[in-house]
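Open the model in your viewer and keep the selection tool at hand. We will go from stop to stop, picking residues and helices and looking at what surrounds them.

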Amino acid sequence: MKLKSIFVFAFLALVGTACKESFLDINTNPNTLPTASPSFVLTNALNTTTTNMLAVNETGEYWSGHWSQGNGYIISTTTFAYQFTNGDFNYWDSYYDNLQDYQFVIDNADANNQKYLKGPAKVMKAMMFQQLVDLYGNVPYTEALKGGTVLAPKFDDQKTIYESLITLLDEAIADLKANPFASAFTGSDIVFRGNTTKWAQFANSLKMRILIRQARVAGREAYIKTEINKIVTEGSGFITGEDVGVGGSFFYLATAGKLNPVYDRWGYDANGAKRALNNYPRLTQFLINSLKASGDTLRMKRIAYANSGENGSAPGTSNLPEIAANYSGTPFGVSSGYLPANTTSLGPSLIVKGEYNRPFIIMTAAEVQFLLAEAKQRYSDVTLPNTAKAYFEEGIAQSFRAFGANVAGAAAYKGSKINNYDWDASTDKLAAIAIQKWIALTNFSGLESWTEYRRTNLPATPQSIQVPDDDKRPVRLFYPNTEAGSNSANVGAQGNVDVFSTRLFWDVD
């Protein structure tokens, strides 16, 4: 595994009375390895997680059918013709570097009298390892993050890692309950500001993601039901009514390098100049047409700006009138005929000029509700208190809220007779849950959306125009060449990886 010298970036003024201008300032001495407080390391690790997820979410948004590429660029054959090798899509190195920081916090919190940091660090460690499994399958886990003591860590079985992550999250919740944050250090936590109850709810929400991911795997029903019932018995509940976000107005600044990374990449620079990459991601024709066909224009107008983009003089609104006819999606993988001026761009749910300091969303409340809906629909005897229908309808409502649409629009679908929107009228309840989750994840959670697409095969999105074989779609990534070079025996032991047929354990068809 690629080793990392743990240079820890001291985030000044996370505690005490120093001004927020220093949140993102880095203080390093190039000649010495600094000693760092776990509180500083946690803040840096959380911020680093957002940049890591930004990259992987972009790929996921394309491969799940939410986004395509604007025609102002040469088509990326790596992404849209699936012509990639083990030198492409290397998220591995940055993820393991990030995990080293969370492990540093776990290992050093007690000695620094900062026990309250262990719970959040364990929650984030679990989330990051699940994402690694969802990208690569078997990965180093038990021998990972050992520094120089294990130079070539073994790869663990992916299903076993999933089970270990449930145990890790149990440990995290126990730590969170036992160790409330010291008030002087709540600023170190740029997610929940030291609220351990919300961290425990996030942990339980991640458990549901891990458990439901396995719902189609033969022989897992009893295990999944037992673990769900344990979550209910534990009593902390789930994230509800709000999304899990890193940073926010207290953290991001209108300064180069200190903006929300989504805003910085696809929106505007610190001076309000539009980024060139604002023209790159386009909402797909399939997504836009599907929303129109269902009358779901309230969310559509929050997911996307109308053709020609945002009105810089009236941030959050489109240059063209926001009527359905002015929203045109781009066919997935098309290389000409769909210029930025004539197609929809990333909308106000993600980017509004001047709003550089929104939180970076890492999990939505809507996703959690759809996880609960699927759990109750599949396992009617689990002790979750509500019906699958109630969770489903709340998932749609939370999706409207997260996108910034009028939540009353969600209620209008009850009794509407629209398949996959009206629970009673939907002919396949599990399909309705999957499709509504796919919509709700748009713009926020690309990796999760692609992962769910691989698990459920829903919705039936069009193949890339660059690929003649409709069945040829990536189901995973190659192990990166960096790992193959430094840990060749263990990479080789995983066998020949075919990114189109070597499925992960939860991807049964």
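Start by selecting Gly245, which sits in strand S2 (residues 244-246); helices (H or I, at least four residues) and strands (E, at least two) are DSSP runs, numbered from the N terminus. This is a predicted model, in which local features need pLDDT of at least 70 and side-chain atom pairs count only at pLDDT 80 or more, while totals for chains, interfaces and linings use all residues. Residues are numbered from 1 along each chain as its sequence is written, and side-chain values use heavy atoms, with hydrogens and water left out.

Is Gly245 buried or exposed? Gly245 is buried, at a relative accessible area of 9%; buried means under 20% relative accessible area, exposed over 50%, and partly exposed in between (1.4 Å probe, protein chains only). Now show its contacts (heavy atoms within 4.5 Å). Setting aside neighbours within four places in sequence, you will find Ile190, Val191, Pro359, Phe360, Ile361 and Ile362 around Gly245. Then draw a distance to Lys225: the two C-alpha atoms are separated by 29 Å, with these positions 20 residues apart along the chain.

Next, pick Arg282 in strand S3 (residues 281-283). Arg282 is buried, with a relative accessible area of 1%. Its contacts, again leaving aside neighbours within four places in sequence, include His66, Trp67, Ser68, Gln69 and Gly70, and also Thr330, Pro340, Thr343, Thr344 and Ser345. Try a distance here too: Arg282 and Asn71 are 211 residues apart in sequence, yet C-alpha to C-alpha they are 9.1 Å apart.

One more single residue before the helices: Glu393, in helix H12 (residues 388-403). Glu393 is buried, at 19% relative accessible area. Not counting residues up to four places away in sequence, Glu393 touches Lys414 and Trp423.

**Helix H4 and its partners**

Two packed helices are described by the angle between their axes and the distance between the axes. The axes are lines fitted to C-alpha atoms, for helices over the stretch in contact, and the angles run from 0 to 180 degrees between N-to-C directions.

Colour helix H4 (residues 118-136) and helix H6 (residues 196-213): their axes come within 10 Å and cross at roughly 20 degrees. H4 and H6 are therefore roughly parallel; angles under 35 degrees count as roughly parallel, over 145 as roughly antiparallel, 65 to 115 as roughly perpendicular and the rest as oblique. The crossing of H4 past H6 is left-handed, a term used if the near helix is turned anticlockwise from the far one by less than a right angle (right-handed if clockwise). On the H4 side, show Pro120, Val123, Met124, Met127, Gln130, Gln131 and Asp134; they meet Trp199, Phe202, Ala203, Leu206, Arg209, Ile210 and Arg213 in H6. This contact divides into nine nonpolar, two polar and three charged residues. Here Ala, Val, Leu, Ile, Met, Phe, Trp, Tyr, Cys and Pro count as nonpolar, Asp, Glu, Lys and Arg as charged, and the others, Gly among them, as polar.

Add helix H3 (residues 92-108), whose axis comes within 9 Å of that of H4, crossing at roughly 160 degrees. That makes H3 roughly antiparallel to H4. Among the residues of this contact are Trp92, Tyr95 and Tyr102 of H3, and Met128, Phe129 and Tyr136 of H4. By class, the contact of H3 with H4 has 13 nonpolar, three polar and three charged residues.

Then bring in helix H5 (residues 158-178), which packs on H4 at an angle of about 165 degrees, the axes 8 Å apart. H4 is thus roughly antiparallel to H5.

**Backbone stops**

Most residues other than glycine have a negative phi, and most peptide bonds are trans. Select Tyr82, where phi is positive, near 60 degrees. Tyr82 lies in the loop between helix H2 (77-80) and H3 and is buried, at 5% relative accessible area. Asn113 also has a positive phi, of about 55 degrees. Asn113 is in the loop between H3 and H4 and counts as exposed, at 62% relative accessibility. Finally, find the cis peptide bond joining Leu458 and Pro459, with omega about -10 degrees.

**Confidence colouring**

Colour by pLDDT, the predictor's confidence in each residue, from 0 to 100. The chain's mean is 94, and 93% of its residues reach 70 or more. Over residues 2-23 pLDDT stays under 50, and over residues 26-33 it is below 50. Where pLDDT is low, the predicted coordinates should not be read in detail.
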